[in-house]
Amino acid sequence: MKEIDRNYTFRVIIEPENPKGFHGFVPLLRGLHTFGDSVEEVKRNLREAITCYLQGLAKDKEPIPQEENAFELVQ
């Protein structure tokens, strides 16, 4: 089984965007951000963006980040 064929779980953050819409991102996947008019649209966009991101990592033979190895500091 190729590594990309596994199921992964990532924490996503979706925030309201002014003046309208929503911004979504995945903290563990640096640079992965998307936008949508609704939360549902952002969720769809995030799924697609995550898939593309992971395919790029696999193509470049880079490791796929795992949430259990992440460090988070909130101030």
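A residue counts as exposed when its relative accessible area is over 50% and as buried when that value is under 20%. Arg 47, at 55% relative accessibility, therefore falls in the exposed class. This arginine belongs to helix H1, which spans residues 39–59, and its C-alpha atom is separated by 13 Å from that of Ile 13, a residue 34 positions away along the chain. The model in which these values were computed is a predicted one, and the paragraphs below go from its overall make-up to its strands, its loop and its individual residues.

The secondary structure of the protein consists of 1 helix and 3 strands, and, read from the N terminus, the elements follow one another in the order β-β-β-α. Taken along the principal axes, the box filled by the C-alpha atoms comes to roughly 45 × 30 × 20 Å. Of the 75 residues in the protein, 24% are buried, while the exposed surface amounts to about 5,900 Å², of which carbon and sulfur atoms supply 50%. The protein carries 10 positive and 13 negative charges, and the mean positions of these two groups lie 4 Å apart. As for how the chain meets itself, 32% of the contacts between residues at least 6 apart in sequence join residues that are at least 24 apart.

The strands can be followed in order along the chain. Strand E1 (residues 13–16) runs antiparallel to strand E2 (residues 22–25), and 4 bridges join the two. Within this pairing, Ile 13, already met as the partner of Arg 47 in the C-alpha separation of 13 Å, stands opposite Phe 25 in E2. Strand E2 also pairs with strand E3 (residues 33–36), again in the antiparallel sense and over 4 bridges, and here Phe 25 stands opposite His 33 in E3. Phe 25 of E2 thus has Ile 13 as its opposite residue in the pairing with E1, and His 33 as its opposite residue in the pairing with E3.

What lies between E1 and E2? The two strands form a hairpin with 5 residues between them, and Gly 21 in the turn has a positive phi of about 90 degrees. Pro 19 is found in the loop between these strands, and the peptide bond that joins Asn 18 to Pro 19 is cis, with omega at about 10 degrees.

A positive phi also occurs in the segment after H1, where Lys 61 is found; its phi is near 60 degrees, although this residue is not a glycine. Lys 61 is exposed because its relative accessible area is 73%, a value over the 50% that the class requires.

Aromatic rings count as a pair if their centres lie within 6.5 Å, and such a pair is stacked if the planes are under 30 degrees apart. By this rule the count comes to 1 aromatic pair. The rings of Tyr 8 and Phe 10 have their centres 6.2 Å apart and their planes at 20 degrees, so this pair is classed as stacked. Are these two residues buried or exposed? Both Tyr 8 and Phe 10 are buried, whereas Arg 47 in H1 and Lys 61 in the segment after H1 are exposed.

Note on methods: Residues are numbered from 1 along each chain as its sequence is written. This is a predicted model: local features need pLDDT of at least 70, side-chain atom pairs count only at pLDDT 80 or more; totals for chains, interfaces and linings use all residues. Side-chain values use heavy atoms; hydrogens and water are left out. Buried means under 20% relative accessible area, exposed over 50%, partly exposed in between (1.4 Å probe, protein chains only). Rings of Phe, Tyr and Trp (its six-membered ring) pair if their centres lie within 6.5 Å; planes under 30 degrees apart count as stacked, over 60 as edge-to-face and the rest as tilted. Contact means heavy atoms within 4.5 Å. Accessible areas come from the Shrake-Rupley method with a 1.4 Å probe; for residues, only the protein chains shown count as cover. Lys and Arg count as positive and Asp and Glu as negative; His and the chain ends are not counted. The place of a charge is taken as NZ of Lys, CZ of Arg, CG of Asp or CD of Glu. Two strands pair if DSSP finds at least two bridges between them.
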